[in-house]
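These notes are meant for someone opening the model for the first time. They are best read with the structure in view.

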Amino acid sequence: MLTTKPIANSYWRHVFLLASGNGLAQIVGVAGIPILTRLYSPEVFALQSIFVQVVAFLAALVMLRFEYLVPLLRTKYEFLALAKWAWKIGPLMVLVFSLLIFIVDMYGISGYLKLDSIFFLYFAPITAFFISLSLMYQFEAQRLNDFGGSAKSEVVSKIFYVASGVVFFAVMPVLGLLLTTLFGAIGRILSLKSYFLDLIRHGKTSGKIDNLLIDYRTRSIGLVVSNTILTASSLLPLIFISSQYGSNVAGQFALVLATVFLPSGLLGAAIGNVFYQRAAALWNDGELKLLKSLWRETLVKLVIIALPVYGIIYFMAELIYPLVFGQQWQQAGEFAKILTLSAFFSFISGPLDRLSLVLGFGRYLPFIHLLRLVLISLVVYFISNGNYGEYVFVICFSWAMSALYITDVFLCGVLLSLKLRAES
């Protein structure tokens with residue numbers, strides 16, 4: 001049993017270590033984005049956004065999201081059993097999804113999406129598989145408190161991401177940007193190769209997978225459903241903007257989504273990953289009171305960090321975007337200022353909603369993402385029927401997402417209190 005306070009120095013030291021790696025990775029990414037925005041047009045960025053959402057959808061299915069449950073595992077042998085299963089099921093799912101894309105392509109779905117071709121989607125299944133693998137190894141590093149290795153993998157991933165986009169532009173001026181996601185995942189796996197090699201060295205001594213699949217199936221189903229709904233809710237605004245206002249505006253919006261949430265990738269993800277690992281350990285040890293203390297202090301720190309960060313973004317976005325990314329991205333700066341509100345609340349809620357996984361509320365994430373889809377659908381319905389411009393859409397979208405994130409934080413606190421009351 002744990003007897004020390006959960007908010008020990010090691011907690012925030014691990015956050016700082018992971019944030020340092022994420023920070024360096026984001027510096028690489030931020031330095032690389034102006035290069036990529038000068039190589040690829042807003043229309044290509046819009047296409048990449050669609051590709052990334054398809055990849056996200058497949059990633060939820062290719063390993064049934066069991067990679068996200070690695071921090072809940074208790075032993076190395078459980079991880080080896082899961083890794084061995086992943087290498088068996090993953091390639092099979094890639095084959096199945098590739099066949100499905102071929103069938104869909106034969107029926108001419110590109111016309112419905114207003115695309116010349118969906119050839120680029122053939123790269124989505126293998127990209128999804130490698131992303132899931134890279135996350136599995138990264139979560140194992142964090143489970144073993146190897147936050148330095150996890151942070152390093154983020155840096156390597158970003159280097160591979162940017163470098164592949166630059167290198168492939170010369171031979172594949174559209175596909176090159178799409179392949180950055182795949183090569184980013186490959187870079188992360190190579191950086192965590194010691195965990196990959198463990199399966200080769202000790203695979204025969206791994207535990208049985210059947211019990212693991214049964215124990216965590218409710219959480220897995222919840223993650224798969226929630227990720228599927230999340231993908232739909234992420235695709236909806238991109239498709240709506242593209243059809244209503246054109247692919248250039250969709251590209252501007254997509255760049256903002258990829259950049260205004262960078263603080264979430266820098267600090268939010270670091271805090272979230274360490275919080276998830278520590279919360280899982282406290283849950284396994286039955287320390288629910290310490291877990292609630294951890295949740296409260298993490299929430300306070302997130303608010304303190306987010307206020308100055310997003311205050312600066314709000315006042316500087318319109319100046320920074322055209323200066324950094326080029327004059328063709330002027331509208332992106334205007335969108336970024338509007339979306340600062342939702343990005344602020346996303347920064348706070350993102351790290352904390354993993355609590356539902358720890359507590360075993362498998363239906364919570366599907367519910368919150370379904371609520372997200374409903375809110376976005378209402379915004380799309382309102383804007384399309386009123387024939388409003390793109391700025392009104394972005395404002396309504398930002399308000400709706402802010403309301404969602406506030407609700408998410410509130411409900412997570414309620415779930416934790418209910419669980420604590422039930423166990424006491």
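1. Buried means under 20% relative accessible area, exposed means over 50%, and partly exposed covers what falls in between. Lys337 is partly exposed because its relative accessible area, 27%, falls in that middle range. These terms are used throughout the points below.

2. The model is predicted. The protein contains 18 helices and 0 strands. Of its 424 residues, 55% are buried. The accessible surface is about 18600 Å², and carbon and sulfur atoms account for 69% of that area. Among contacts between residues at least 6 apart in sequence, 85% join residues at least 24 apart.

3. Which residues touch the most other members of the largest nonpolar core? They are Met136, Leu291, Trp295, Tyr321 and Phe393, in a core of 123 residues. Tyr321 can be followed further through its contacts. With neighbours within four places in sequence left aside, Tyr321 is in contact with Leu255, Val256, Thr259 and Val260, and also with Gly326, Trp329, Ala332, Gly333 and Ala336.

4. Some of those partners of Tyr321 belong to helix α12. This helix covers residues 247-259, 13 residues in total, and reaches 18 Å from its first C-alpha to its last. That is close to the 18 Å expected at 1.5 Å a residue. The buried residues of α12 are Val249, Ala250, Gly251, Gln252, Phe253, Ala254, Leu255, Val256 and Thr259. Leu255, Val256 and Thr259 are thus both among the buried residues of α12 and among the contacts of Tyr321.

5. Val260 is in the loop between α12 and α13 (262-284). Is this loop residue buried or exposed? Val260 is buried, with a relative accessible area of 1%. Beyond its neighbours within four places in sequence, Val260 is in contact with Tyr310, Ile313, Tyr321, Ala336 and Ala343. Tyr310 is 50 residues from Val260 along the chain, and the C-alpha atoms of the two are separated by 8.9 Å. Ala336 appears in the contact list of Val260 and in that of Tyr321.

6. The count of salt bridges comes to 5. One of them joins Arg143 and Glu140, with the closest N and O atoms 2.8 Å apart. Both residues lie in helix α5, 3 residues apart, or about one turn of the helix. An α-helix has 3.6 residues a turn, so residues three or four places apart point the same way. Arg143 is buried at 13% relative accessible area, and Glu140 is buried at 2%. Both values are under 20%, so both charged partners count as buried.

7. Another salt bridge is formed by Glu297 and Lys301, with the closest N and O atoms 3.7 Å apart. The two are separated by about one helical turn because they are 4 residues apart in helix α14 (residues 288-325). Glu297 is partly exposed at 29% relative accessible area, and Lys301 is partly exposed at 30%.

8. The side chains of Glu318 and Lys337 also meet in a salt bridge, at 3.5 Å from N to O. This pair links distant parts of the chain: Glu318 is in helix α14, Lys337 is in helix α15 (residues 330-349), and they are 19 residues apart. Glu318 is partly exposed, with a relative accessibility of 37%. Lys337 is partly exposed at 27%.

9. Two asparagines deserve a check of their backbone angles. Most residues other than glycine have a negative phi. Asn145 is not a glycine, yet has a positive phi of about 65 degrees. Asn145 lies in the loop between α5 (124-143) and α6 (147-169) and is partly exposed, with a relative accessible area of 41%. Asn387 has a positive phi as well, near 55 degrees. Asn387 is found in the loop between α17 (364-386) and α18 (390-423). At 65% relative accessibility, Asn387 counts as exposed.

10. How many disulfides are there? The count comes to 0. As for individual cysteines, Cys396 is buried at 17% relative accessibility. Cys412 is buried too, with a relative accessible area of 1%.

Methods: Residues are numbered from 1 along each chain as its sequence is written. This is a predicted model: local features need pLDDT of at least 70, side-chain atom pairs count only at pLDDT 80 or more; totals for chains, interfaces and linings use all residues. Side-chain values use heavy atoms; hydrogens and water are left out. A nonpolar core is a set of buried Ala, Val, Leu, Ile, Met, Phe, Trp, Tyr and Cys residues joined through side-chain atoms within 4.5 Å. Buried means under 20% relative accessible area, exposed over 50%, partly exposed in between (1.4 Å probe, protein chains only). Contact means heavy atoms within 4.5 Å. A disulfide is a pair of cysteine sulfur atoms within 2.5 Å. Accessible areas come from the Shrake-Rupley method with a 1.4 Å probe; for residues, only the protein chains shown count as cover. A salt bridge is a side-chain nitrogen of Lys or Arg within 4 Å of a carboxyl oxygen of Asp or Glu. The expected span of a helix is 1.5 Å times one less than its number of residues.
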